[in-house]
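Trainee: I should like to take a close look at a single part of this protein. Could you please guide me through the salt bridges and the strands that carry them?

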Amino acid sequence: MPPMPMSPSARAALCAAALLAAAASPAHADGGGAAWSVAPAAGGGTRPAKDGRPYFYAEGTPGTVLQDTVTVTNPGPEPRTVSLRGADAANTGSGALSVTPAKGAPKDTGAWITFAKRQVKVPPRTRAEVPFTVTVPTGALPGDHPGAIVASGGGRTVGVRLHLRVGGPTLAALTVERVKVDKGTGRITYDLVNRGNTVLTPRLAVHAEGIFGTLVDRAPRTLPVELLPGRRVSLTEPWPDAPALDSVDVRLTVTAPGGARAEASGSARFVPWSAVAGGTALLVALAGGAFHLVRRRRRGPDEPEREAEPQEPQGGTRELARTGTGTGEGL
């Protein structure tokens with residue numbers, strides 16, 4: 001599972017309740033010209049690492065209490081007060097990672113975290129280690145329960161990821177849904193849904209067939225998404241060289257570690273309607289001109305067109321129907 005350090009934009013988003021995943025490194029924040037950081041304590045957790053851990057990892061069965069320690073380091077010349085809280089991790093609609101906001105109430109992993117101190121004052125040029133526990137409820141579902149430890153202080157908010165796996169059967173499963181081709185931009189849009197109980201890193205392959213053969217055949221590539229259990233994300237696949245005139249069938253194949261695999265298809269007809277409209281108008285004009293020319297040739301160049309005379313019935317009485325009235329008048 002990749003780490004979740006914070007970029008400047010992600011830190012700003014966290015102030016509005018978003019925590020984004022990035023490359024493996026501890027979470028840092030700038031305050032008063034000196035960076036303070038939050039990271040897992042070395043040698044802690046159910047999978048300790050002497051060289052430091054980029055994120056927390058905990059594993060246990062329902063009903064167990066797991067212990068770990070978070071380290072807050074203050075290298076600056078002034079004391080630093082930092083507040084700690086637990087948060088649930090989630091996917092945004094576009095696939096990015098987020099956490100429950102400070103004013104929100106976590107319902108999963110974030111609610112199971114208890115700190116020895118919710119607020120810690122770190123002296124200058126030193127660090128503080130804060131123990132915490134993760135109490136797995138007896139009714140917790142097996143599988144992955146991603147969360148985060150979020151630290152705030154000095155006008156900054158940062159976070160470190162907590163990856164919790166509850167013991168029991170695991171299932172890697174997903175579906176691909178609502179595949180559509182945007183004929184205006186050529187983009188392919190689709191939804192991915194994690195139907196299992198493990199975090200998935202999906203790989204996507206794209207194949208498109210037109211009337212005259214294969215148009216797209218892209219090999220599988222890893223998507224920049226960590227799809228959490230039970231989450232749906234809406235993604236877009238670019239197609240810059242989409243055809244101008246064709247009938248296309250697009251097939252998406254998505255796989256993920258653990259044996260997850262799904263396929264879905266969509267169709268589209270690419271028609272340049274402006275060109276079609278112009279061509280139709282030209283054909284109508286040509287047909288009208290040809291019809292007029294044929295009529296003139298049939299009656300001769302100088303012969304005027306004669307109006308049809310009314311036919312007189314055999315009974316000797318002539319009747320004229322007044323147009324638009326539906327009535328007749330005998331003469």
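Mentor: Glu-177, Arg-178, Asp-191, Arg-195 and Arg-232 are linked in a network of salt bridges, a salt bridge being a side-chain nitrogen of Lys or Arg within 4 Å of a carboxyl oxygen of Asp or Glu. The model is predicted, so local features need pLDDT of at least 70 and side-chain atom pairs count only at pLDDT 80 or more, while totals for chains, interfaces and linings use all residues. Residues are numbered from 1 along each chain as its sequence is written, and side-chain values use heavy atoms, with hydrogens and water left out.

Within the network, the side chains of Glu-177 and Arg-232 form a salt bridge with an N to O distance of 2.9 Å. This pair links distant parts of the chain, since Glu-177 belongs to strand 12 and Arg-232 to strand 16, 55 residues apart. Strands (E, at least two residues) are DSSP runs, numbered from the N terminus. Glu-177 is partly exposed, with a relative accessible area of 22%, and Arg-232 is also partly exposed, at 37%. Here buried means under 20% relative accessible area, exposed over 50%, and partly exposed in between (1.4 Å probe, protein chains only).

Arg-178, another member of the network, is likewise found in strand 12. Its relative accessible area of 56% makes Arg-178 exposed. Arg-178 has a positive phi of about 55 degrees although it is not a glycine.

Let us now consider the sheet. Strands 12, 13 and 16 form an open sheet in the order 12-13-16, with antiparallel pairing; two strands pair if DSSP finds at least two bridges between them. The edge strands are strand 12 (174–181) and strand 16 (232–237), each of which pairs on one side only. Strand 12 is joined by six bridges to strand 13 (residues 188–194). In this pairing, Val-181 stands opposite Ile-188.

The structure holds eleven salt bridges. One of them joins Arg-165 to Asp-144, with the closest N and O atoms 2.7 Å apart. Arg-165 lies in strand 11 (residues 156–166) and Asp-144 in strand 10 (residues 143–153), so the pair ties together parts that are 21 residues apart in sequence. Arg-165 is partly exposed at 24% relative accessibility, whereas Asp-144 is buried at 6%.

Note on methods: Helices (H or I, at least four residues) and strands (E, at least two) are DSSP runs, numbered from the N terminus.
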